[in-house]
Amino acid sequence: MSLREEARAWLEESLSGEFAHVRGLGGPGREHEGHEPRHDWERHLGKAGWTCLAWPERYGGRAASLEDQVAFHEEYARADAPARVGHIGEGLIGPTILEFGTAEQKDRFLPPIQRGDELWCQGYSEPEAGSDLANVQTRAHLDDGAWVVTGQKVWTSLAHVADWCFVLCRTEPGSRRHHGLSYLLVPMDQPGVTVRPIVQLTGTSEFNEVFFDGARTDAGNILGAPGDGWRVAMATLGYERGASTLGQQIGFRRELAKVIETARRTGADRDPVLRDRLVRSWLELEIMRLNALRMLRPEPGPEVSIAKLYWSEWHRRLGELAQAVQGKAGLVADGGLNDLQRLHLFSRADTIYAGSSEIQRNIIAERTLGLPR
Ligand SMILES: Cc1cc2nc3c(=O)[nH]c(=O)nc-3n(C[C@H](O)[C@H](O)[C@H](O)COP(=O)(O)OP(=O)(O)OC[C@H]3O[C@@H](n4cnc5c(N)ncnc54)[C@H](O)[C@@H]3O)c2cc1C
């Protein structure tokens, strides 16, 4: 049996039985839905070997080929399985630990991610360091065998449910820009860490402010050498921007189908301008799929900026279209947002996180086209 067939059968069985109630839960703008049952599901996936497929077997993975990983993500989306609660661990910090971690760090941190036992969040952005990440001001120093961390992070997705945070901070006093930064792994459940939720446009709170006030982590919980954190942080961003887009596109396909269905119901499909936008949206999604297939390779390169730019701008336009096809009725949110209203509001964030569109264009200009800064 191919991995695709195996995954399809396993997902169908699991999601019609014990875990039928988690089907379709969670996702952008809906992370508040069923966190606990989705965490149980994450552990269930881990036990059956369906998390971290790309990782070496030693850490619970299957050393799966890219084609098999794509097949799994496609089947996962097709089965309407819930949004993963462990995606930051599996997709961002896990690959970074595999690339930069010591043998002890790999043994300590990778298996609990694979099992779904430990969840992570990303502590990069600060009030004065977003696109300009090199302006990070959070600082840390060594004291009695531990790093002591002080500073503020912001927009930290899922910090309120995370066990660990990977924190980019300044460990060389007086250093500037990308020099003197380190990449620390900090436990969240301690008196020196305060998490304060931020309410989003959707009315839900998926990201947070995180305050480190003398938070401690073992001196060994650093990825790469002290002062070399920038290099490690950039590697993580490469994984974030290159995150498996083929699975994501099945979700997009489903959203587009819902927009078309709504257009038929409201009569918006007879409006020539909206018809044109619907057709364009479909065509661009096909192009996105072909491009993603062309770009499949294990190590992300500068082309991930093209992919990020393309999918996020497309998705934001889809959000606008989702709003438009509802007509006037879409302007009223009676008893909460409907799916298309939520899609419209949350898709505004797509062109901001993981590097805004302007930043992706700068990267393409400078690193791919060789244009001046
Ligand atoms: C939904 C969501 C989840 C997030 N999750 C996390 C998380 O888990 N962890 C984390 O650390 N961060 C997270 N972020 C933060 C995200 O990384 C930042 O919002 C992003 O890097 C932009 O930084 P900023 O918000 O400070 O905006 P700014 O950097 O202040 O940018 C403001 C505007 O100026 C433009 N701009 C800035 N610099 C340039 C330039 N050089 N050239 C051209 N235009 C420029 C930007 O494109 C933008 O339009 C999240 C953000 C969102 C929206």
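A residue is called exposed here when its relative accessible area is over 50%, buried when that value is under 20%, and partly exposed in between. With those limits in hand, a walk through this predicted model can start near the beginning of the chain. E18 has a relative accessibility of 62%, so this residue counts as exposed. Its place is the loop that joins α1 (3–16) to α2 (35–47). Along the sequence E18 and W41 are 23 residues apart, while their C-alpha atoms are separated by 9.7 Å in space.

Helix α2 also holds E42, and here the picture is reversed. The relative accessibility of E42 is 1%, and because buried means under 20%, E42 counts as buried. A long step in sequence leads from E42 to I306: the two are 264 residues apart along the chain, and 31 Å lies between their C-alpha atoms.

The ligand comes next. Its surroundings comprise 16 residues, of which S125, S131, W155, S356 and E358 come nearest. By character, this shell divides into eight polar residues, seven nonpolar ones and one charged residue. Where does the ligand lie with respect to domain 2 (120–227) and domain 3 (241–368)? Both domains give residues to the shell, and the ligand therefore lies between them.

Several polar atoms of the protein sit at short range from oxygen atoms of the ligand, all within the 3.5 Å cut-off for a polar contact. For S131 the contact is made by the side chain, with a polar atom 2.6 Å from a ligand oxygen. The backbone takes this part in two other residues: a polar backbone atom of S125 is 2.7 Å from an oxygen atom of the ligand, and for Y124 the corresponding distance is 3.0 Å. Taken alone, the ligand exposes 960 Å², and the protein buries 64% of that area.

Among the secondary-structure elements, helix α11 (residues 357–368) gives the most to the shell around the ligand, contributing three residues. This helix has twelve residues, and the distance from its first C-alpha to its last is 15 Å, close to the 16 Å expected at 1.5 Å a residue. Its buried residues are S357, Q360, I363, I364 and A365. After α11 comes G370, with a positive phi near 70°.

Positive phi values also turn up in residues other than glycine. One of these is D144, with phi near 50°, placed in the loop between β2 (139–143) and β3 (146–153). Another is L158, where phi is about 60°; L158 belongs to the loop between β3 and β4 (164–170). Are these two loop residues buried or exposed? D144 has a relative accessibility of 73%, which is over 50%, so D144 counts as exposed. L158, in contrast, has a relative accessible area of 9%, under the 20% limit, and L158 is therefore buried.

A further loop residue, Q200, is found between β6 (193–198) and β7 (207–218). At 12% relative accessibility Q200 counts as buried. What does the side chain of Q200 meet? A polar atom of that side chain lies 2.9 Å from the backbone nitrogen of E206.

The last residue to consider is A324, which lies in helix α9 (residues 303–324). Its relative accessibility is 29%, a value between the two limits, so A324 counts as partly exposed. A324 and H344 are 20 residues apart along the chain, with a C-alpha separation of 9.5 Å.

Conventions: Residues numbered from 1 in each chain as written. Predicted model: local features only at pLDDT ≥ 70, side-chain atom pairs only at ≥ 80, totals over all residues. Heavy atoms only, no water. Helix = DSSP H or I, 4+ residues; strand = E, 2+ residues; numbered from the N terminus. Buried < 20%, exposed > 50% of the residue type's maximum accessible area, 1.4 Å probe, protein only. Near = heavy atom within 4 Å. Polar contact = N/O pair within 3.5 Å; in protein donor to acceptor, adjacent residues only side chain to side chain. Areas by Shrake-Rupley, 256 points an atom, 1.4 Å probe, with all protein chains shown as cover. Nonpolar A, V, L, I, M, F, W, Y, C, P; charged D, E, K, R; others polar. Domains from an automatic or database assignment. Expected span 1.5 Å × (residues − 1).
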